[in-house]
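Colleague: Got a minute? I'd like to go through the labels on this model and hear what stands behind each one.

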Amino acid sequence: MRIPPASGFNSYLRELRVLTKTQRSWPTPVLILLVLLVTAGYLGRFGHKDLSEALSFMGRVTGAGLLVASAIALLGGAAVMDYWFRKSFQYSGPVALAGTVTALLTNFMLLLEVLGGDSPGYMALSGLLMAGSAWAVFAVCRKLGKIPAPKKVATAFIASSVFAVANFGYQNLYQPFQHGARPVIKLAVGKHELSMDGKSFAVPVDITLTNDSDVGFYVMGAEFHAMGQKVQVIARDRLRQEWRKDAQEWTTTQEKSPLSRREVHHSGELLAAQPWMVPGGWIEASDTFAMRTVVQLPINTQYDQVAFYASASLARKDRLGLDSVQFDTYSWSGGKVPQWAKEQKDFDSLIYSGRVRENNSIDERTMDPRFVAVYWRFGTQGAFVSSSITRKGEEDRILPEAEIREINNRYGLVDVVTGPIQHSLWNIKSRR
C-alpha cells in the first residue's frame, strides 16, 4: 500500500477540518438568511402599500423607508451566505452586519407601532422578528471577530444614518403633523326683504367655510340654526341676583346671550334648523365653500332679535379615509341606536354612519375596523352636530374623556362653531 507524503496528508486533514467545521456551522447562516428573508417580505408588504396609498406625506416617506429596509435586508441575506461559505466579495461581512442591523431597527419600530393595534398575531410576529434579528446581529458580530476597517466604516455609516433619519423625521414629519389645522366659519346677515303681500319678511344669511390650512377635511355633518329671542328693555339697572340667575341658566343651554344692565334676554326659541353641507363631502386645502340660506318670519313676529349659529364636524383627510357617510336611522326608531342615546331624554337625532379607513397600511391591517357615527340633533334649544369613532360592537360603550381626546387627535376630528350672530328686528316691528 502506498502511503501519501506527510505534507499531502496534512493538507488533506486541514481541508477535512474546514469542511467539517463548515458543515457544523451551516444552521447559523441559514437561520440568519431565513430571518432576513421573512423580514424583507414583511417590510415590503407594508412599504409598497404605504408608498402608493398612505394619506399623509409622513406615511409615504415611511413606505419608501420600509422598501429600502426590505432591499437592504435581502442584500444582507446574500452577504451572509457569501461570507460564511464563499467569501467571493471582499466586504460581504460589513454588508451582512448592515443588513442585520437594519432589520433589527426596522423590526423594533414596527413592533412599537403594532403594539398600539388590536392584532395579537402581528404583535407576536413582530416580536419574533425583532428577537430573531437581534440574534442575527449578535451572530454576525461574533463571526466577524476582530473589527476590520470596513466594518468600522459600516458601523459609523449606520449610526449616522439612523441619527439623520430621526432628525429629519422629527423636524419635517413629526412637528408638522402636530400642527393644528382648523377651518373658520363666517356668517354674514343681509338686508331683510318683505314679501309681496307684506305679511312676512325674509333675512338672508351667507355661510362661508374657509380652509386656509394645508390639509383637506371630510365633512361629517354641518348644521345651521336660528333662534328667536325676546329682549325686554327696562328703565332701571338690573339687580346682581338677576345677572347671576341668567348666567346660571345659560350654562345649561347651547345658546348664549349677553348679560346686560338694562336688557332682559328671555330664553330663545328655535326658528329654523337645516344642514348646509353634505355629510361625507369634503373641502380641500386652501379652499372655500359658501352657501346662502333664508330665514322667514311673519311681519308681526313676537321676537325682538334673531341669533344665527353655524357649526361643522370635520375630520382631517391626512389622518383617516372615509368610504362614505350615509343616513342610517332615527334616534327614536330603535334599531342600531346606541343605548346611551336611548337613555337620554329629548335626544331626537338623525344618525349617519360610515366606515373609517386608517391613514397607513400598518394600522389598517393591525387594527379592528372603526366606524364613524354622526348625530344631527335638534330640539327646543337649537341644533347640534357631533361625531364619534368606535370599534364595531363598542357603540354602546361610553368613552372616558381621555380616550375621546386621544381618538380626536388620532383621526383629526375638529368641531368648528360660530355664533351667535345677532340681528335686530326692532326696525321691522316698528313698521307695524
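Modeller: Sure, and keep in mind that this is a predicted model. Let's start with Trp 135, whose relative accessibility is 33%.

Colleague: Why is Trp 135 called partly exposed?

Modeller: Buried means under 20% and exposed means over 50%. Trp 135 comes out at 33%, so it counts as partly exposed. You'll find Trp 135 in helix H5.

Colleague: What makes Trp 135 part of a nonpolar surface patch?

Modeller: Patch residues need over 30% relative accessible area and no salt bridge, and nonpolar side chains are joined within 5 Å. At 33%, Trp 135 is over that 30% cut-off, so the accessibility condition is met. The other members are Leu 31, Leu 34, Val 38, Leu 125 and Phe 138, and the patch covers about 530 Å². Helix H2 (27–53) and helix H5 (120–144) each supply at least two of the patch residues.

Colleague: On to the loops. Why is Lys 87 called exposed?

Modeller: The cut-off for exposed is over 50%. Lys 87 has 53% relative accessibility, so it counts as exposed. It sits in the loop between helix H3 (57–86) and helix H4 (92–114).

Colleague: And what makes the phi of Lys 87 worth flagging?

Modeller: Most residues other than glycine have a negative phi. The phi of Lys 87 is near 55 degrees, a positive value.

Colleague: Where is Ser 286, and how do you know whether it is buried or exposed?

Modeller: Ser 286 is in the loop between strand E8 (282–283) and strand E9 (287–298). Its relative accessible area is 61%, and exposed means over 50%, so Ser 286 is exposed. Its phi is also positive, near 55 degrees, in a residue other than glycine.

Colleague: Which peptide bond gets a flag, the one from Gly 419 to Pro 420? What makes you call that one cis?

Modeller: The omega there is near 5 degrees, and the bond is cis. Most peptide bonds are trans. Pro 420 belongs to strand E16.

Colleague: Now the empty space. How many cavities of 30 Å³ or more are there?

Modeller: The search of the whole structure finds 2. The largest holds about 40 Å³, and the second largest has a volume of about 30 Å³.

Colleague: How do you know what class of residue lines the largest cavity?

Modeller: Its lining is Met 220, Gly 221, Ala 222, Pro 275, Met 277, Pro 279, Tyr 352, Val 374 and Trp 376. Gly counts as polar, so Gly 221 goes into that class. The split is 8 nonpolar, 1 polar and no charged. Strand E4 gives the most, with 3 residues.

Colleague: And what makes up the lining of the second largest cavity?

Modeller: Arg 355, Val 356, Glu 358, Glu 364, Met 367, Asp 368, Pro 369 and Arg 370. Asp, Glu, Lys and Arg count as charged, so Arg 355 and Glu 358 are among the charged ones. By class there are 3 nonpolar, no polar and 5 charged residues. Strand E13 gives the most, with 3 residues.

Colleague: Why is the space of about 950 Å³ called a pocket and not a cavity?

Modeller: A probe in a cavity cannot get out, whereas a pocket is an open set, so the name says that this space is open. Its lining has 37 residues, and Trp 340, Ala 373, Tyr 375, Ser 387 and Ser 388 lie nearest its centre. The lining divides into 16 nonpolar, 11 polar and 10 charged, with strand E15 giving the most, 6 residues.

Key: Residues are numbered from 1 along each chain as its sequence is written. This is a predicted model: local features need pLDDT of at least 70, side-chain atom pairs count only at pLDDT 80 or more; totals for chains, interfaces and linings use all residues. Side-chain values use heavy atoms; hydrogens and water are left out. On a 1 Å grid over the protein atoms alone, a cavity is a set of points where a 1.4 Å probe fits but cannot get out, and a pocket is an open set with protein on both sides within 12 Å along at least five of seven lines; lining residues have an atom within 4 Å of a point. Grid points are joined across faces, edges and corners, and a volume is the space filled by probe spheres set on the points. Helices (H or I, at least four residues) and strands (E, at least two) are DSSP runs, numbered from the N terminus. Patches are made of residues with over 30% relative accessible area and no salt bridge: like charges are joined within 9 Å, nonpolar side chains (Val, Leu, Ile, Met, Phe, Trp, Tyr) within 5 Å. Accessible areas come from the Shrake-Rupley method with a 1.4 Å probe; for residues, only the protein chains shown count as cover. A salt bridge is a side-chain nitrogen of Lys or Arg within 4 Å of a carboxyl oxygen of Asp or Glu. Buried means under 20% relative accessible area, exposed over 50%, partly exposed in between (1.4 Å probe, protein chains only).
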